[in-house]
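Work through the exercises below with the sequence and the coordinates open. Each task is followed by a solution in steps.

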Amino acid sequence: MGLTRRPAPGADGSVTVVLMPHVLVLLHAFPLTSAMWDDVRPALPTTTRVVTPDQRGFGASPLGGDPPSLDTVADDVAALLDSLGVRRAVVGGLSMGGYVAMAFCRRYGDRVAGLVLADTKAAADPEPAAANRLRIAERVLGEEGSGVLLHTVFPLLLGATTERERPAVVDQVRTMVAAAPPAGVAWAQRAMAARPDSFDTLRRVAVPALVIAGAEDRLSTVEDARAMAEALPDARLVTIPAAGHLSAVEQPAAFAAAVTDFLAELAAD
């Protein structure tokens, strides 16, 4: 299970089969970019091919003209894997990235070799939360721009320990939030507001899963993580101390260690 076969063209046009290590896709949180994985990637096994795309509307990824839907983002991930010649991958995501990973499981379950869900939740937004997302989408497209996120989203992203002891991380996240493109922010908020409950999806996942929770997460709590782990047929829960909603940014070494252990378990199966 630790190797994926991929066809490679030879110099004479023939096709040979080469062995590739696990491919790990990590999907970023809202409203950040793939840069949030910069301190995690170097701590992951060198035998793993790590893919950290920008989701549509963020970073280097164009927004396009599709209606807001996390299913569309899951389709983007499938298309990316196709372009890389990868049939199956370990798919993981944090926060919004976790929502996309669950949508990918729903639409492309046979392409998932393992699942990592971090600081996210399987439940759909209750009506007040969905309505708040839609209000933010409207505001961010107005005169306030992405500055509205500094008052509505940023204050909840980091744990109390990070806010107290890691000013460089606080500044890093604040800068990323302020730089989020308004059109991408509005599209993502509307897509997240419309997402379905994913507990039935998790119950049908046929591969091992890792659920990660920041112990100080106020947006997706440890209880939310435990509910996902209990719904998944084969999952374990790892809680990262002194981390809030962005556990991979706040405690990258601990996050990478949890994922590395999980990948080792997959390879041993």
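The exercises go from the sheet to its strands, then to helices and loops.

The model is predicted, with pLDDT of at least 70 needed for local features and 80 or more for side-chain atom pairs, while totals for chains, interfaces and linings use all residues. Residues are numbered from 1 along each chain as its sequence is written, and side-chain values use heavy atoms, with hydrogens and water left out.

**Exercise 1. Sheet order**

Task: Give the order of the strands in the open sheet and identify the edges.

Solution.
- Step 1. Take the elements from DSSP runs, numbered from the N terminus: helices are H or I of at least four residues, strands are E of at least two. Two strands count as paired if DSSP finds at least two bridges between them.
- Step 2. The six strands are ordered E4-E3-E5-E6-E7-E8, and their pairing is parallel.
- Step 3. E4 (49-51) and E8 (235-240) each have a single partner strand, so each is an edge with one side left without a neighbour in the sheet.
- Step 4. From one strand to the next, the twist averages 20 degrees. Angles run from 0 to 180 degrees between N-to-C directions, and axes are lines fitted to C-alpha atoms, for helices over the stretch in contact.

**Exercise 2. Strand E3**

Task: Which residues of E3 point one way, and which the other?

Solution.
- Step 1. Val23, Val25 and Leu27 point to one side of E3, and Leu24 and Leu26 to the other.
- Step 2. E3 (residues 23-27) has five of its five residues buried, where buried means under 20% relative accessible area, exposed over 50% and partly exposed in between (1.4 Å probe, protein chains only).
- Step 3. Towards E4, E3 is joined by three bridges, and valine 23 stands opposite arginine 49.
- Step 4. Towards E5 (residues 89-94) there are four bridges; here valine 25 has valine 91 as its bridge partner.

**Exercise 3. From E5 to E8**

Task: Follow the pairing from E5 through E6 and E7 to E8, and give the handedness of the crossovers.

Solution.
- Step 1. E5 and E6 run parallel and are joined by six bridges, with glycine 93 partnered by leucine 117 of E6.
- Step 2. E5, H2 and E6 form a right-handed β-α-β unit. Right-handed means that, with the strands pointing away from the viewer, the path from the first strand over the helix to the second runs clockwise.
- Step 3. E6 (residues 112-118) and E7 (residues 209-214) pair over four bridges. Leucine 115 has alanine 209 as its bridge partner, and valine 116 stands opposite leucine 210.
- Step 4. In E6, seven of its seven residues are buried. In E7, Ala209, Val211 and Ala213 point one way, Leu210, Ile212 and Gly214 the other way, and all are buried.
- Step 5. Six bridges join E7 to E8, where leucine 210 is opposite arginine 236. The chain goes from E7 through H9 to E8 in a right-handed β-α-β crossover.
- Step 6. H9 (residues 222-231) lies across E6, E7 and E8 and runs at about 170 degrees to E7.

**Exercise 4. Two helices**

Task: Describe how H1 and H2 cross and which kinds of residue meet there.

Solution.
- Step 1. The axes of H1 (residues 70-84) and H2 (residues 96-108) come within 8 Å and cross at roughly 75 degrees.
- Step 2. H1 is therefore roughly perpendicular to H2; the classes are roughly parallel under 35 degrees, roughly antiparallel over 145, roughly perpendicular from 65 to 115, and oblique for the rest.
- Step 3. Contact means heavy atoms within 4.5 Å. Among the H1 residues that meet H2 are Leu70, Val73 and Leu81, while the H2 side includes Tyr99, Phe104 and Arg107.
- Step 4. The residues in this contact comprise eleven nonpolar, no polar and four charged. Ala, Val, Leu, Ile, Met, Phe, Trp, Tyr, Cys and Pro count as nonpolar, Asp, Glu, Lys and Arg as charged, and the others, Gly among them, as polar.

**Exercise 5. Backbone exceptions**

Task: Where does the cis peptide bond lie, and which residues other than glycine have a positive phi?

Solution.
- Step 1. Recall that most residues other than glycine have a negative phi, and most peptide bonds are trans.
- Step 2. The bond from phenylalanine 30 to proline 31 is cis, with omega near -5 degrees. Proline 31 is in the loop between E3 and E4.
- Step 3. Serine 95 has a positive phi of about 60 degrees and sits in the loop between E5 and H2. Serine 95 counts as buried because its relative accessibility is 8%.
- Step 4. Alanine 242 has a positive phi near 55 degrees and lies in the loop between E8 and H10 (247-250).
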